[in-house]
Amino acid sequence: MSLSEVSPGQFQLSGTINFATAPDIEQQGGRLLLATDAAKWRIDLAGVTQADSSALAVCLAWARLARANRKTIIFTTAPVELSALADVCGVGEMLGMSAARCPPPAKA
C-alpha cells in the first residue's frame with residue numbers, strides 16, 4: 001500500500017488497506033499530505049485493491065488532519081464497498097465518497 005503525490009495537492013492511494021496496513025499508511029500519508037503547500041487535497045482511491053473498515057478510519061484521520069490544517073480534502077474513485085461503508089456510517093458525503101454510484105439493491 002502506498003500514497004503518492006502525482007501533482008501538487010493530487011494524491012493516489014493504492015494497494016490493500018486493512019487492519020495490518022492501516023497504521024503505517026495513515027502515518028506515511030499524513031506526513032506526505034502535510035508536506036504539500038496545496039490548499040486542497042484530492043486523494044484518488046482507484047488503486048485500492050482491497051479495503052475494510054480500517055481504510056475508512058484512515059480516510060477519517062486524514063479528514064481530521066485536513067480540518068486541523070485548514071485544508072479541503074476530497075476522496076475520489078472510492079471502491080464501491082468503501083463508499084457503501086462510508087454511507088452506512090454517515091460520512092460518505094463528508095468525505096466525497098457517497099455510494100450513489102452503487103447499484104440499487106435487488107428487488108425481492
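**Chat about the largest pocket and two residues**

Modeller: By class, six nonpolar, three charged and no polar residues line the largest pocket (Ala, Val, Leu, Ile, Met, Phe, Trp, Tyr, Cys and Pro count as nonpolar, Asp, Glu, Lys and Arg as charged, the others, Gly among them, as polar). This is a predicted model, where local features need pLDDT of at least 70, side-chain atom pairs count only at pLDDT 80 or more, and totals for chains, interfaces and linings use all residues. Residues are numbered from 1 along each chain as its sequence is written, and side-chain values use heavy atoms, with hydrogens and water left out.

Colleague: OK, which element gives the most to that pocket's lining?

Modeller: That's α2, with five residues (helices are DSSP runs of H or I, at least four residues, strands are E runs of at least two, and both are numbered from the N terminus).

Colleague: Switching topic, where does threonine 36 lie?

Modeller: In the loop between α1 and β3 (40-51).

Colleague: Buried or exposed?

Modeller: Threonine 36 counts as buried because its relative accessibility is 8% (buried is under 20% relative accessible area, exposed over 50%, partly exposed in between, with a 1.4 Å probe and protein chains only).

Colleague: And what is threonine 36 in contact with?

Modeller: Leaving aside neighbours within four places in sequence, threonine 36 is in contact with Glu5, Pro8, Gly9, Phe11, Trp41 and Lys71 (contact is heavy atoms within 4.5 Å).

Colleague: What about glutamine 28, where is that?

Modeller: Glutamine 28 sits in helix α1 (residues 22-34), and is partly exposed at 28% relative accessible area.
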